[in-house]
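Open the structure in your viewer and keep the sequence panel beside it. Each stop below names what to select and says what is there.

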Amino acid sequence: MWNDDFEECRDIDYRIPRRHRCLWQPPHTGWIKLNFSGKVHDKNSPAGFGGIFRNEFEDRMVVYSGNLGEADTTVASVEGLRQGLRCLQYMPPVKRLVVE
(Lines give C-alpha, C1' and ligand atoms only; values in the text may rest on other atoms or scores of the structure.)
Protein backbone atom coordinates (compact mmCIF):
# COMPACT_ATOMS: atom_id res chain seq x y z
CA MET A 1 0.00 0.00 0.00
CA TRP A 2 2.79 2.46 0.84
CA ASN A 3 4.32 2.01 -2.63
CA ASP A 4 0.95 2.62 -4.27
CA ASP A 5 0.65 6.00 -2.54
CA PHE A 6 3.90 7.20 -4.05
CA GLU A 7 3.68 5.50 -7.44
CA GLU A 8 3.05 8.83 -9.16
CA CYS A 9 6.41 10.15 -7.91
CA ARG A 10 8.36 7.70 -10.07
CA ASP A 11 7.88 9.76 -13.20
CA ILE A 12 9.18 13.02 -11.70
CA ASP A 13 12.27 14.25 -13.53
CA TYR A 14 14.89 14.96 -10.86
CA ARG A 15 17.59 17.41 -11.87
CA ILE A 16 20.80 18.52 -10.29
CA PRO A 17 20.82 22.30 -9.85
CA ARG A 18 22.91 24.09 -12.44
CA ARG A 19 25.89 26.09 -11.29
CA HIS A 20 25.88 29.76 -12.06
CA ARG A 21 29.00 31.78 -12.53
CA CYS A 22 29.10 34.55 -9.97
CA LEU A 23 31.20 37.63 -10.42
CA TRP A 24 31.84 39.96 -7.52
CA GLN A 25 30.23 43.35 -7.94
CA PRO A 26 31.37 46.35 -5.90
CA PRO A 27 28.84 48.04 -3.64
CA HIS A 28 27.22 51.32 -4.61
CA THR A 29 29.07 54.55 -3.81
CA GLY A 30 29.27 55.18 -0.09
CA TRP A 31 28.57 51.55 0.84
CA ILE A 32 30.84 48.83 2.24
CA LYS A 33 30.38 45.18 1.26
CA LEU A 34 31.05 42.22 3.54
CA ASN A 35 31.47 38.87 1.80
CA PHE A 36 31.82 35.89 4.13
CA SER A 37 31.72 32.12 3.97
CA GLY A 38 32.16 28.97 5.99
CA LYS A 39 33.59 25.71 4.72
CA VAL A 40 33.93 22.10 5.79
CA HIS A 41 36.26 19.92 3.70
CA ASP A 42 35.73 16.59 5.43
CA LYS A 43 35.41 15.21 8.93
CA ASN A 44 39.19 14.81 9.25
CA SER A 45 39.97 18.50 8.80
CA PRO A 46 38.68 21.49 10.77
CA ALA A 47 35.85 23.69 9.57
CA GLY A 48 36.83 27.23 8.75
CA PHE A 49 35.39 30.63 7.99
CA GLY A 50 36.52 33.87 6.45
CA GLY A 51 35.39 37.18 5.14
CA ILE A 52 36.41 40.40 3.49
CA PHE A 53 35.20 43.99 3.64
CA ARG A 54 35.58 46.08 0.46
CA ASN A 55 34.51 49.53 -0.61
CA GLU A 56 33.17 50.77 -3.95
CA PHE A 57 36.74 51.05 -5.28
CA GLU A 58 37.29 47.34 -4.54
CA ASP A 59 39.84 48.23 -1.85
CA ARG A 60 40.25 45.53 0.79
CA MET A 61 39.49 47.15 4.10
CA VAL A 62 39.55 44.11 6.42
CA VAL A 63 40.23 40.43 5.76
CA TYR A 64 39.68 37.79 8.45
CA SER A 65 39.63 33.99 8.78
CA GLY A 66 39.68 31.28 11.40
CA ASN A 67 39.36 27.58 12.19
CA LEU A 68 36.50 26.10 14.17
CA GLY A 69 37.45 22.48 14.66
CA GLU A 70 34.52 20.12 14.22
CA ALA A 71 31.47 21.93 12.82
CA ASP A 72 29.10 21.75 9.88
CA THR A 73 28.87 24.22 7.00
CA THR A 74 25.96 26.12 8.53
CA VAL A 75 27.80 26.71 11.80
CA ALA A 76 30.95 27.73 9.91
CA SER A 77 28.99 30.20 7.77
CA VAL A 78 27.22 31.74 10.76
CA GLU A 79 30.56 32.10 12.53
CA GLY A 80 31.93 33.82 9.42
CA LEU A 81 29.10 36.35 9.61
CA ARG A 82 29.42 36.77 13.38
CA GLN A 83 33.14 37.45 13.20
CA GLY A 84 32.58 39.89 10.34
CA LEU A 85 30.08 41.84 12.39
CA ARG A 86 32.53 41.86 15.30
CA CYS A 87 35.14 43.43 13.00
CA LEU A 88 32.87 46.45 12.60
CA GLN A 89 33.70 47.62 16.12
CA TYR A 90 37.36 48.07 15.13
CA MET A 91 36.69 49.86 11.84
CA PRO A 92 35.88 53.51 11.18
CA PRO A 93 32.09 53.98 11.41
CA VAL A 94 30.24 52.08 8.67
CA LYS A 95 26.86 53.64 7.94
CA ARG A 96 25.88 51.57 4.91
CA LEU A 97 26.69 47.85 4.80
CA VAL A 98 25.83 45.17 2.24
CA VAL A 99 26.27 41.59 3.44
CA GLU A 100 26.64 38.69 1.01
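Start by selecting residues 32-39 and 47-54, which are strands β1 and β2; they pair in the antiparallel sense over 7 bridges. Strands here are DSSP runs of E with at least two residues, helices are runs of H or I with at least four residues, and both are numbered from the N terminus. Two strands count as paired if DSSP finds at least two bridges between them. To see individual bridges, pick K39, whose partner in β2 is G48, and then N35, whose partner in β2 is I52.

A note on what you are viewing: this is a predicted model, in which local features need pLDDT of at least 70 and side-chain atom pairs count only at pLDDT 80 or more, while totals for chains, interfaces and linings use all residues. Residues are numbered from 1 along each chain as its sequence is written, and side-chain values use heavy atoms, with hydrogens and water left out.

**The loop between β1 and β2**

Select K43, which is found in the loop between β1 and β2. Is K43 buried or exposed? At 81% relative accessibility, K43 counts as exposed; the cut-offs are under 20% relative accessible area for buried, over 50% for exposed, and partly exposed in between, with a 1.4 Å probe and protein chains only. Now add E70, which is 27 residues away along the chain; the C-alpha atoms of K43 and E70 are separated by 7.3 Å.

**The rest of the sheet**

Return to β2 and add β3, which runs antiparallel to β2 and is joined to it by 8 bridges. G48 has a bridge partner in β3 as well, namely N67. Between the strands of the β2 and β3 hairpin there are 5 residues, and in this hairpin E58 takes a positive phi near 70°.

Next show β4 too. The 4 strands form an open sheet in the order β3-β2-β1-β4, with mixed pairing. Which strands stand at the edges? They are β3 (60-69) and β4 (97-99), each with a single partner strand, so one side of each has no neighbour in the sheet. Neighbouring strands of this sheet are turned by 15° against each other on average, direction ignored.

Colour β2 by burial. Of its 8 residues, 8 are buried, so β2 is largely enclosed by the rest of the structure. A47, F49, G51 and F53 lie on one side, and G48, G50, I52 and R54 on the other. In a regular strand the side chains alternate between the two faces of the sheet.

**Helix α2**

Select residues 73-87, helix α2, which lies across β1, β2, β3 and β4 and runs at about 150° to β1. That angle is taken between N-to-C directions on a scale from 0 to 180 degrees, using axes fitted to C-alpha atoms, for helices over the stretch in contact. Contact means heavy atoms within 4.5 Å. α2 has 15 residues and reaches 21 Å from its first C-alpha to its last, close to the 21 Å expected at 1.5 Å a residue; the expected span is 1.5 Å times one less than the number of residues.

The buried residues of α2 are A76, E79, G80, Q83, G84 and C87. They cover an arc of only 135° around the axis, which puts them on the same side of α2; the arc is that of the directions from the helix axis to the C-beta atoms. Their cover includes β1, β2 and β3. Turn to the other side of α2 to find T74 and V78 exposed.

**Two salt bridges**

The structure holds 2 salt bridges, a term for a side-chain nitrogen of Lys or Arg within 4 Å of a carboxyl oxygen of Asp or Glu. Stay on α2 for one of them, where the side chains of E79 and R82 meet at 2.9 Å, N to O. E79 and R82 are 3 residues apart in the helix, and therefore separated by about one helical turn. E79 is buried, with a relative accessible area of 16%, whereas R82 is partly exposed at 42%.

For the other, select K33 and E100, whose closest N and O atoms are 3.4 Å apart. This pair links distant parts of the chain, with K33 in strand β1 and E100 in the segment after β4, 67 residues apart. K33 is buried at 5% relative accessible area, and E100 is partly exposed at 47%.
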